[in-house]
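Reader: Please choose one part of this model, look at it closely, and then set it in the context of its surroundings. I would like one connected account, with the cut-off behind each term you use.

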Amino acid sequence: MPDYKRIYIEGGTYFFTLATAQRAPRFAEPETRLILRTAIKKVRSRHPFEIVGMVILPDHLHALWRLPAGDSDFSLRWRLIKTHMTRYAGRGRRLWQNRFWEHAVRDERDLSHHLDYLHWNPMKHGLVTRVQDWPWSSFHRYVAAGVYPIDWCGSRELADYAFG
C-alpha cells in the first residue's frame, strides 16, 4: 500500500472505515464510545464537517462526512480524533490501526449505497438480526426523518438476499 494516494476534494463527501488495533472490541466499552463522541464534538468545533451517517461497531466504525466548501482536509480531522481517543481511552495501549480507508463519494447514488451499507453493517457482522436493534447508528436519525422505515432490511435472511 505504499503507493496509495488519497483524493482530496474541497467540500467533498467521503465514506470512511477506521478499525481498532488488532480489531480489539474497544467500542464495546460505553466509556470509549463517550470519548469518541467528545473527540468528534471537539474537532468539529474547530474544524467543521457534517456527519451524514455513522455506525460504531465493537472493533471498527464507518462514517460518511461532508466537508465545508473550500476544505478538503479530512486527514487532519481524523488525526485529531484518533489522538484525542488514544489520549483518553488508550490507557497506554495502541487504540487504532495506523491508517484508515476512505472513498470519495461520486454522486447521490453512491452516497445512498454507502449510507445503506453502513446502516446494514451491524447485521452483516451478525451483531443484530434487525438494523433497528443496533443503537450506535445514524439509522435511527434517518428513521425519525422518514428516510428509512423502522423495519428497513427486514430480517437477517432478507438482508443476506439483498446485500449478498
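Author: Strand β3 (residues 60-66) and β2 are joined by six bridges and run antiparallel, where strands (E, at least two residues) and helices (H or I, at least four residues) are DSSP runs numbered from the N terminus, and two strands pair if DSSP finds at least two bridges between them. Within this pairing, Glu-50 stands opposite Arg-66 in β3. The model is a predicted one, in which local features need pLDDT of at least 70 and side-chain atom pairs count only at pLDDT 80 or more, while totals for chains, interfaces and linings use all residues. Residues are numbered from 1 along each chain as its sequence is written, and side-chain values use heavy atoms, with hydrogens and water left out.

On the other side of the pairing scheme, β3 is joined to β1 by seven bridges, again antiparallel, and Thr-17 stands opposite His-62 in β3. β1 also pairs with β4 in the antiparallel sense, over four bridges, and the partner of Phe-16 in β4 is Glu-102. The result is an open sheet of four strands in the order β2-β3-β1-β4, with antiparallel pairing. Because β2 (50-56) and β4 (101-104) each have a single partner strand, they stand at the edges, and one side of each is left without a neighbour in the sheet. Neighbouring strands are turned by 15° against each other on average, direction ignored; axes here are lines fitted to C-alpha atoms, for helices over the stretch in contact, and angles run from 0 to 180 degrees between N-to-C directions.

Two helices lie against these strands. Helix α1 (residues 30-46) packs on the sheet and touches β2 and β3, its direction making about 165° with that of β2, where contact means heavy atoms within 4.5 Å. Helix α2 (residues 74-89) lies across β1 (13-19), β3 and β4, and runs at about 140° to β3.

How is β1 covered on its two faces? In a regular strand the side chains alternate between the two faces of the sheet. In β1, Thr-13, Phe-15, Thr-17 and Ala-19 on one side and Tyr-14, Phe-16 and Leu-18 on the other are all buried, that is, under 20% relative accessible area with a 1.4 Å probe and protein chains only, as against exposed at over 50% and partly exposed in between.

The largest nonpolar core (buried Ala, Val, Leu, Ile, Met, Phe, Trp, Tyr and Cys residues joined through side-chain atoms within 4.5 Å) has 26 residues, and those with the most contacts inside it are Leu-36, Leu-61, Trp-65, Trp-78, Ile-81 and Met-85. At least two residues of this core come from each of β1, α1, β2, β3 and α2. Leaving aside neighbours within four places in sequence, Trp-78 is in contact with Phe-16, Leu-18, Leu-61, Ala-63, Trp-65 and Phe-100. Another core, of 19 residues, lies apart from it and includes Val-55, Leu-115, Leu-118 and Phe-139.

As for the whole chain, it has five helices and four strands, which follow the pattern β-α-β-β-α-β-α-α-α along the sequence. Buried residues make up 48% of its 164 residues, and among contacts with a separation of 6 or more, 68% join residues 24 or more positions apart.
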